[in-house]
Amino acid sequence: MKSLARLISAALAASALTVTASAQEAQKRTVITAAKMIDVATGRTTEFPAIFTENGRITSIADARTVRWGSDVTHIDLSGKTLLPGLIDMHVHLDSSPTYGGYNSLQFTDRFWSFVAASNARAMLDAGFTTVRNVGSEGYNDVALKQAIAEGWATGPRIVPAAHSIGATGGHCDQTYLPPSFGAKSPAVGDGPTELRQKVREQRKYGAEVIKVCATGGVFSRNTEPGQQQLSEEELRAIADEAHQWGLKVAAHAHGGAGIKAAIRAGIDTIEHASLVDDEGIRLAAERKQPVWFSMDIFNTDYTQAEGANNGVMEDNLRKDREIAQIQRDNFRKAHRAGVRMVFASDAGVMPHGQVGGQFKVMVEYGMTPLEAIRAATVNAAEALGKTQDVGAIAVGRYADIIAVDGDPLADVRELESVDAVVQGGVRVR
């Protein structure tokens, strides 16, 4: 027992040293140089940038051919590469894995998913996503992981957590797979405006920084259909008003046309999936004075249809996935043409987290230019998050969250499927 205690003490001491070293590294002055840098707001490319950082934020940007720095400045040399801002995924589930579909997840203890979340967070960071919005988790796993990353016990992106998803009894955000004898009910399920307001307050109390609500049925729940509206406009408005009162934005899972329109009229900030949106819904989104963003995951069906059955996903779920997949992609094109604001959203957890960069090519295939697709994952996402002072661009004052690729993603957006280097807060991720 004494030997075990000594081993544990040594491991904790080593971890503490790692945490201290990382914190000290972030506080140092750093300069990042490369062949090129893309200004995602304008589309202009700058040659030979020298980006200076201190305390994790960008302090100045100069020409590496003319500027000099002393030996006290750490140099991150990315010669030959092109720099972009760290990417932002607006719809992930870090404590989910597509490997376990249907009832397969029931073989594990509840805390198993905390470790899954940590692994997925690292995969997303390695893929170039330095910020993610986690729209729904179990047991406050996303809040806990955010805290662990901040304290240096885990490595991953900046997380905007939603904690538990809010929904109606028996709806997509409820526990729908177990029989009555289990008495299974999601912690944030409520009915009626008053009860749903309380659920907003409870999630915020325990760490939610965005509120996730299920306005319609879904693909991977049981006994719900994607097009089915599950909360009234009055209930959605109560959720939005309560969240906005606390300074939080609201994301609405909404596949069906009626639920999408109700969410837009209720003041919801982002519409997740938006698969079956009709022309009126597109018009409402494009014309609403208070910005509303479509967050459409148009890539993951390639994975779910290829691997879902092998992972235990039930045929009824795969059937719903097949039925809406092409409709969603066609509606992505229609919404983009109509001028609806768009952000990058993968629904990682339904598909592997490390593969989400593959969505950029599908966004281009369905109507966006490469620059527009990149903006969806940078400046647009930062605006939708309300974090334009922190992320979304390589600019003075923002976090030094930067990625590097070998080629030109404005010419070939598939460069973003394999990111070559990641810098987070002025520290290169190794």
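Let's start at a ring. The charged end of R158 sits over the ring of Y399, 3.6 Å from the ring centre. A second arginine joins in: R57 lies over the face of Y399 too, at 4.0 Å from the centre. So much for Y399.

Before going further, a word on what we are looking at. This is a predicted model. Mean pLDDT for the protein is 94, and 94% of the residues reach 70 or more. There are weak stretches, though. Residues 1-9 have pLDDT below 50, and beyond near neighbours in sequence that stretch makes 0 contacts in the model. Residues 15-21 also stay under 50. For residues 15-21 the model has 5 contacts beyond four places in sequence. Where pLDDT is low, the predicted coordinates should not be read in detail. Please keep that in mind for both stretches.

Now the annotation. A UniProt entry, unreviewed, gives a domain labelled "Amidohydrolase-related" over residues 82-427. What is the helix and strand content over residues 82-427? In the model, 35% helix and 14% strand. The end C-alpha atoms of that range are 17 Å apart.

Back to rings. How many aromatic pairs does the structure hold? It holds 12. I'll take two of them.

Pair one is Y100 with F108. The geometry is edge-to-face: 4.8 Å centre to centre, with 70° between the planes. The angle is over 60, which is why the pair gets that label. Buried or exposed? Y100 has 28% relative accessibility, so Y100 counts as partly exposed. F108 has a relative accessible area of 23%, so F108 is partly exposed as well.

Pair two is F129 with F344. Their ring centres are 5.3 Å apart and the planes meet at 40°, so this pair is tilted. The pair links distant parts of the chain, with the two positions 215 residues apart. F129 is in strand 7, residues 129-134. F344 is in the loop between strand 13, residues 341-343, and helix 10, residues 359-365. Accessibility next. F129 has a relative accessible area of 0%, so F129 is buried. F344 is also at 0%, so F344 is buried.

One more item on rings. Which residues do ring pairs link into a cluster? Y100, F108, F112 and W113. That brings Y100 and F108 back, the edge-to-face pair from a moment ago.

To recap. Y399 has R158 over its ring, and R57 over its face. F129 and F344 form a tilted pair. And residues 1-9 stay below 50 in pLDDT. That's my slot.

Definitions and conventions:
Residues are numbered from 1 along each chain as its sequence is written. This is a predicted model: local features need pLDDT of at least 70, side-chain atom pairs count only at pLDDT 80 or more; totals for chains, interfaces and linings use all residues. Side-chain values use heavy atoms; hydrogens and water are left out. UniProt positions are given in the numbering used here, feature names are shortened, and annotations may be inferred rather than shown by experiment. Helices (H or I, at least four residues) and strands (E, at least two) are DSSP runs, numbered from the N terminus. pLDDT is the predictor's confidence in each residue, from 0 to 100. Contact means heavy atoms within 4.5 Å. Rings of Phe, Tyr and Trp (its six-membered ring) pair if their centres lie within 6.5 Å; planes under 30 degrees apart count as stacked, over 60 as edge-to-face and the rest as tilted. Buried means under 20% relative accessible area, exposed over 50%, partly exposed in between (1.4 Å probe, protein chains only). A charge sits over a ring if NZ of Lys or CZ of Arg is within 6 Å of the ring centre and within 35 degrees of the ring normal.
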